[in-house]
Amino acid sequence: MLDGVFEDADEPGEPAVVTVGELNLGMLPMGNGLTRLATRFLGDTEGLAATEKQMGEPLPAADAERLGLVTFAPDDIDWEDEVRIAVEERASFSPDALTGLEANYRFAGPETMETKIFGRLSAWQNWIFIRPNASGEDGALRKYGTGQRARFDPKRV
């Protein structure tokens, strides 16, 4: 999240803010039965309580970062480099690995029948294991334990 504004912009505009609301705190519980923020702060009751106290308040980037609502909040000077590095890091993973990571993030927390079906079975069996990057001739499952590296097709998502 950008901390402040781009100072060299023709019209800098207003700084970005994030606001905690009902959708984060209970209106739409996740498959694990918890609120979205309870899942985000799983095991961190103090962090969750501090965030809940800010409900309805527009939070600038520095406050959102301090509360743990955003991963990082660079200013306009560091923005371009930070975003480039983040994109390069993600691009270094295979698309199938990213799909698995996303599925795990969506279904974190206590396991329920819903999280087992959608977070584990569907994601891994239907989205990852049946693809050539996993089960193809040069896939990761076939190369596992051989000492050979799998060959990934980066276009598969």
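# Reading salt bridges, cores and patches

Student: Arginine 84 and aspartate 81 are three residues apart in helix H5 (residues 76-91), so about one helical turn separates them. What do their side chains form?

Tutor: First, keep in mind that this is a predicted model. The general idea is that oppositely charged side chains can pair when their charged atoms come close. Here, the side chains of arginine 84 and aspartate 81 meet in a salt bridge, with 3.9 Å from N to O. That just fits the cut-off, which is 4 Å.

Student: Which other residue meets arginine 84 in a salt bridge?

Tutor: Glutamate 88, at 3.1 Å from N to O. Glutamate 88 and arginine 84 are four residues apart in H5, so again about one helical turn lies between them. Because the salt bridges share partners, Asp81, Arg84 and Glu88 are joined into one network.

Student: How accessible are arginine 84, aspartate 81 and glutamate 88?

Tutor: Read the relative accessible area: under 20% is buried, over 50% is exposed, and partly exposed is in between. Arginine 84 has 40%, so it counts as partly exposed. Aspartate 81 is at 42% and glutamate 88 is at 46%, so they get that label too.

Student: How many salt bridges does the structure hold?

Tutor: Six. One of them joins arginine 66 to aspartate 63, whose closest N and O atoms are 3.8 Å apart. Both residues lie in helix H4 (residues 61-67), three residues apart, or about one turn of the helix. Try the accessibility labels on this pair: arginine 66 has 58% and is exposed, whereas aspartate 63 has 28% and is partly exposed.

Student: On to helix faces. Which residues of helix H3 (residues 45-52) are buried?

Tutor: Gly47, Leu48 and Thr51. To read a face, look down the helix axis and check how wide an arc the buried residues take up. In H3 the arc is 100°, so the buried residues line one face of the helix. The face turned away from that buried side carries Thr45 and Glu46, which are exposed.

Student: What do the buried residues of H3 pack against?

Tutor: Helix H2 (36-40) and H4. You can also follow this region from phenylalanine 41. Leaving aside neighbours within four places in sequence, phenylalanine 41 is in contact with Gly47, Leu48 and Thr51, and also with Leu67, Gly68 and Leu69.

Student: Which residues make up the largest nonpolar core?

Tutor: To read a core, look for buried nonpolar residues joined through their side chains. The largest one has eight residues: Val20, Leu25, Leu37, Ala38, Phe41, Leu48, Leu59 and Leu67. Phe41, Leu48 and Leu67 are among them, and phenylalanine 41 is in contact with Leu48 and Leu67.

Student: Where is there a nonpolar patch on the surface, and what makes it?

Tutor: Met113, Ile117, Phe118 and Leu121 make a patch of about 390 Å². Take isoleucine 117, which sits in helix H7 (residues 113-129). Its relative accessible area is 36%, so it is partly exposed; patch residues need over 30%.

Student: Is isoleucine 128 buried or exposed?

Tutor: Isoleucine 128 is found in H7 as well, but its relative accessible area is 6%, so it is buried. For a chain-distance check, compare separation in sequence with separation in space: isoleucine 128 and proline 154 are 26 residues apart along the chain, and their C-alpha atoms are separated by 13 Å.

Key: Residues are numbered from 1 along each chain as its sequence is written. This is a predicted model: local features need pLDDT of at least 70, side-chain atom pairs count only at pLDDT 80 or more; totals for chains, interfaces and linings use all residues. Side-chain values use heavy atoms; hydrogens and water are left out. Patches are made of residues with over 30% relative accessible area and no salt bridge: like charges are joined within 9 Å, nonpolar side chains (Val, Leu, Ile, Met, Phe, Trp, Tyr) within 5 Å. Accessible areas come from the Shrake-Rupley method with a 1.4 Å probe; for residues, only the protein chains shown count as cover. Helices (H or I, at least four residues) and strands (E, at least two) are DSSP runs, numbered from the N terminus. Buried means under 20% relative accessible area, exposed over 50%, partly exposed in between (1.4 Å probe, protein chains only). A nonpolar core is a set of buried Ala, Val, Leu, Ile, Met, Phe, Trp, Tyr and Cys residues joined through side-chain atoms within 4.5 Å. Contact means heavy atoms within 4.5 Å. The arc is that of the directions from the helix axis to the C-beta atoms.
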